[in-house]
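Hello,

Here is the structure I promised to pass on. Have a look through it first, and my notes follow below.

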Amino acid sequence: MSASTPTVNDSFGEKIVAKHPRDEMLRSERLPNIWCPGCGIGIVLGAYVNAIAKSTLTRDKQIVVSGIGCTGRFAGYLRQDSYHTVHGRGIAFATGIAVSRPDLEVFVIAGDGDISTIGGNHLIHAARRNVDLNVIMVNNFNYGMTGGQHGATTPLGSKTHTSPYGNVEAPFNVPYLVAAAGASYVARWTALHVRQVTNAIRRMMEIEGFTFLEVLSPCPPTYGEFNGYPEALDMMKHFREKSVADDNADLSTVQVSTGADDRIVVGNFIDRKRPSYQELLAQLQDRSQK
Ligand code: SF4
């Protein structure tokens with residue numbers, strides 16, 4: 001063991017050598033992570049580091065911006081430049097980085113409360129501008145970290161601490177919203193679809209423009225407990241039974257529902273070429289210098 005080999009404490013306080021195969025990309029000294037048993041966020045973290053490892057990107061060319069909440073802890077586990085920013089403002093913060101440093105591959109990785117509820121306005125305007133930015137929204141259907149309040153993605157009828165008799169607020173159909181706003185790439189998978197999530201992240205890095213990936217994720221202690229998925233594998237089984245892959249789905253119909261049509265439509269829905277915000281800014285700069 002070299003002097004620089006990272007070590008972590010096991011659950012008995014003993015020092016053990018960290019041997020994670022992606023040690024060079026993870027701050028192993030911060031493990032074990034904060035997430036609950038059965039949470040899907042760690043799966044997305046694994047998919048992200050595997051996608052980066054398969055790319056030609058060097059570490060000094062990647063940036064991850066996270067917001068606040070359970071997924072907001074994502075940035076803290078990465079051994080690369082990463083920012084843990086203000087609640088709901090990850091996209092605004094990352095837009096500044098992406099516009100001033102177009103040579104960097106910028107990701108925003110945050111939860112549904114952060115991206116689509118508190119930060120919903122930033123989401124639709126970044127998609128409208130087609131900012132060359134990659135957004136991964138881990139959707140656990142509630143505000144998990146603060147104890148399980150309902151938000152903009154909580155399905156109608158679902159129970160949370162703040163909707164104990166069933167949610168009466170119609171949720172966003174986020175892929176439909178982001179596609180309508182103008183995103184270059186829109187996909188949805190679940191935490192069960194590890195390979196598809198990894199491949200989607202790889203595709204996002206290839207595209208010049210706003211790319212968006214929704215990953216539906218289990219949250220056993222808050223959303224799960226209230227809605228019939230209290231154990232770690234319950235919602236994964238639900239994802240396996242109900243997921244229907246359809247890249248050509250009519251996005252107006254892909255709302256996640258707890259009703260009679262409780263199919264979960266997943267796929268790489270939108271992949272199209274539009275000029276990015278950065279491209280248009282560069283053209284404007286060229287014209288203004290002539
Ligand atoms: S509360 Fe839910 S989202 Fe947060 S860490 Fe626990 S399982 Fe994951």
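**Notes on the sheet, the core and the ligand**

Strand 3 (residues 62–66) and strand 5 form a parallel pair held by 4 bridges. Within this pairing, valine 64 sits opposite phenylalanine 107 of strand 5. Before going on, please keep in mind that this is a predicted model.

Strand 5 (residues 105–111) also has a partner in strand 6: the two run parallel and are joined by 5 bridges. Here alanine 110 stands opposite methionine 137 of strand 6. Of the 7 residues in strand 5, 6 are buried, so this strand is largely enclosed by the rest of the structure.

Moving along the sheet, strand 6 (residues 133–139) pairs with strand 8 in the parallel sense, this time over 7 bridges. Asparagine 139 has leucine 216 of strand 8 as its bridge partner. Strand 8 is joined to strand 7 (residues 185–190) as well, by 6 bridges and again in parallel. In that pairing, arginine 188 has glutamate 214 of strand 8 as its bridge partner. Between strand 7 and strand 8 the chain passes through helix 6 (residues 194–206), making a right-handed β-α-β crossover.

How many residues of strand 8 (residues 210–216) are buried? The count is 7 of the 7, so strand 8 is largely enclosed by the rest of the structure. Side chains in a regular strand alternate between the two faces of the sheet. In strand 8 both faces are covered, with Phe210, Phe212, Glu214 and Leu216 buried on one side and Thr211, Leu213 and Val215 buried on the other.

At the strand 7 side there is a change of direction to look at. Strand 7 and strand 10 (residues 264–271) are paired antiparallel through 4 bridges, and tyrosine 185 has aspartate 271 of strand 10 as its bridge partner. Strand 10 also pairs with strand 9 (residues 243–245), in the parallel sense and over 3 bridges. There, serine 243 is matched with isoleucine 264 of strand 10 as its bridge partner.

Now to the interior. The largest nonpolar core has 73 residues, and those with the most contacts inside it are Val44, Tyr48, Val108, Leu133, Ile136, Phe212 and Val215. Helix 1 (residues 41–54) gives the most to this core, contributing 9 residues. Isoleucine 136 is a good place to start browsing: leaving out residues up to four places away in sequence, isoleucine 136 touches Val44, Phe107, Ile109, Leu213 and Val215.

Which residues surround the ligand? They are Trp35, Cys36, Cys39, Ile41, Cys70, Asn140, Gly144, Met145, Cys219, Pro220, Pro221 and Thr222. Sorted by class, this shell has 9 nonpolar and 3 polar residues, and no charged ones. Helix 7 (residues 220–227) gives the most to the shell, with 3 residues.

One last residue to find on screen is proline 37, in the loop between strand 2 (15–17) and helix 1. Is proline 37 buried or exposed? Proline 37 has 8 C-beta neighbours inside 10 Å, so it counts as exposed, the cut-off for exposed being 12 or fewer. Proline 37 and cysteine 219 lie 182 residues apart in sequence, yet their C-alpha atoms are 9.0 Å apart in space.

Enjoy exploring, and do write back with any thoughts.

Best wishes

Note on methods. Residues are numbered from 1 along each chain as its sequence is written. This is a predicted model: local features need pLDDT of at least 70, side-chain atom pairs count only at pLDDT 80 or more; totals for chains, interfaces and linings use all residues. A residue is near a molecule or strand if its C-beta atom, placed from the backbone, lies within 6 Å of it. Ala, Val, Leu, Ile, Met, Phe, Trp, Tyr, Cys and Pro count as nonpolar, Asp, Glu, Lys and Arg as charged, and the others, Gly among them, as polar. A residue is buried if 20 or more other C-beta atoms lie within 10 Å of its own, exposed if 12 or fewer, and partly exposed in between; C-beta atoms are placed from the backbone. Two strands pair if DSSP finds at least two bridges between them. A crossover is right-handed if, with the strands pointing away from the viewer, the path from the first strand over the helix to the second runs clockwise. A nonpolar core is a set of buried Ala, Val, Leu, Ile, Met, Phe, Trp, Tyr and Cys residues joined through C-beta atoms within 7 Å. Two residues are in contact if their C-beta atoms, placed from the backbone, lie within 7 Å.
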